[in-house]
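Me: I am new to this structure and would like a close look at a single part of it. Please take me through that part slowly, and tell me how it connects to what surrounds it.

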Amino acid sequence: MKVSVIIPSYNYADFLPECLESVLAQTWQDWEVLIIDDGSTDNTKKVAEKYQKKDSRIIYHYQENKGLSNARNTGINLSKGEYLQFLDSDDMISQDKLTLQVAHLEQNPDLSLSYCKSWYFLGTTPDQLHSDLLLQNSTTHPVLDGKGYGILQVLTKGNFTAVSSPLIRRSIIEEYRPFPESVTNSEDWYFWLKTALKGHHFQFLDNPLAFTKIRVHGKSMSQKTFSMYYGELQLRNWLDGQLQQIELKPNEKQNLLILNKVQEEKLFEHAMLTGPLWNIGHLKKMYELGDFQRLLKYHKKAREHQKSIL
């Protein structure tokens, strides 16, 4: 088995058919699909079983709800492929993606991870594509080729690609459990960072026929904003500890530590300035992710800021 496509799904039965059709349409045919149903209460099972009848390469696995990271890790444990393709159940991949990325990795044995262009679309309009998550076409996809300090610099600034963009060698994940199960977002960012911290080689596949299409659920975006802020602050606290331990040139390590701290401070301030001033849950979370003195400092600044815009 060459490629394992791991599809975690939680109550996305309405979108699962489009996702599976994008795999069935692949020009690369040596694959298996593992649908990990993470305790869905809709008709995900019915949809999966329908597709199992269409193609015996599709495997369905049900588990009680344990979260996205656990579902992906379960898929890894059940998979047999030499290469791994992660694909969320509401997203899609282009028909030549696997063919082109398998060739990319086969022709470059030093590569650990081949990634490609990510396109974004709103809800039910997969033909109206945008270059960024905010659907504003305001950013370009980073083109990376390397390992070590250069990759870590980019990843310390921010997450650089969608989880379904890369095709990954199985061998790089056998030394650790890729997706952290104690967090509720940024799971893929942790994975890329772990991979970069271990010195693995990333390379962009610059071919317009290889891409992934990411569905953006407009109604839920604003509701998830502060959850994403909390998640990133937690990740940056974790990253600080990882960077303290990594073997790099002293100046490179110092640069990364400073960059991470600057990014963390900016986000902490932004979350305080735009967050609910007197919401106990929000303030408690920010205290847990920072410290009391910073909380007081930015709460005062937030009060002044929000007063000035009234």
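What covers the buried residues of helix 1?

Reply: Before the details, please keep in mind that this is a predicted model.

Helix 1 spans residues 16–24, and its buried residues are Leu-16, Cys-19, Leu-20, Ser-22 and Val-23. These buried residues lie on the same side of helix 1, because they cover an arc of only 155° around the axis. What covers them includes strand 1 (3–9) and strand 2 (31–38), together with helix 2 (44–54) and strand 5 (92–93).

Two of these covering elements, strand 1 and strand 2, are also joined to each other, for they run parallel and 7 bridges link them. One of the pairs can be named: Val-5 has Val-33 in strand 2 as its bridge partner. Helix 1 belongs to the path between these strands, since the chain crosses from strand 1 through helix 1 to strand 2, in a β-α-β crossover that is right-handed.

Strand 2 itself is mostly covered, with 8 of its 8 residues buried. In general, the side chains of a regular strand alternate between the two faces of the sheet. In strand 2, Trp-31, Val-33, Ile-35 and Asp-37 point one way, while Glu-32, Leu-34, Ile-36 and Asp-38 point the other way, and all of them are buried.

Strand 2 also pairs with strand 3, in the parallel sense and over 6 bridges, and here Leu-34 has Ile-59 in strand 3 as its bridge partner. Helix 2, which was named above among the elements covering helix 1, comes in again at this point, as strand 2, helix 2 and strand 3 make a β-α-β unit that is right-handed. Helix 2 lies across strand 1, strand 2 and strand 3, and it runs at about 160° to strand 3.

Stepping back to the sheet as a whole, these strands belong to an open sheet of 8 strands with mixed pairing, in the order 3-2-1-4-9-6-10-8. Strand 3 (58–63) and strand 8 (145–146) stand at its edges, each with a single partner strand, so one side of each is left without a neighbour in the sheet. At the edge formed by strand 8, the pairing with strand 10 (residues 202–204) is antiparallel and has 2 bridges, and Gly-146 has Phe-202 in strand 10 as its bridge partner.

How values were computed. Residues are numbered from 1 along each chain as its sequence is written. This is a predicted model: local features need pLDDT of at least 70, side-chain atom pairs count only at pLDDT 80 or more; totals for chains, interfaces and linings use all residues. Side-chain values use heavy atoms; hydrogens and water are left out. Buried means under 20% relative accessible area, exposed over 50%, partly exposed in between (1.4 Å probe, protein chains only). Helices (H or I, at least four residues) and strands (E, at least two) are DSSP runs, numbered from the N terminus. The arc is that of the directions from the helix axis to the C-beta atoms. Contact means heavy atoms within 4.5 Å. Two strands pair if DSSP finds at least two bridges between them. Axes are lines fitted to C-alpha atoms, for helices over the stretch in contact, and angles run from 0 to 180 degrees between N-to-C directions. A crossover is right-handed if, with the strands pointing away from the viewer, the path from the first strand over the helix to the second runs clockwise.
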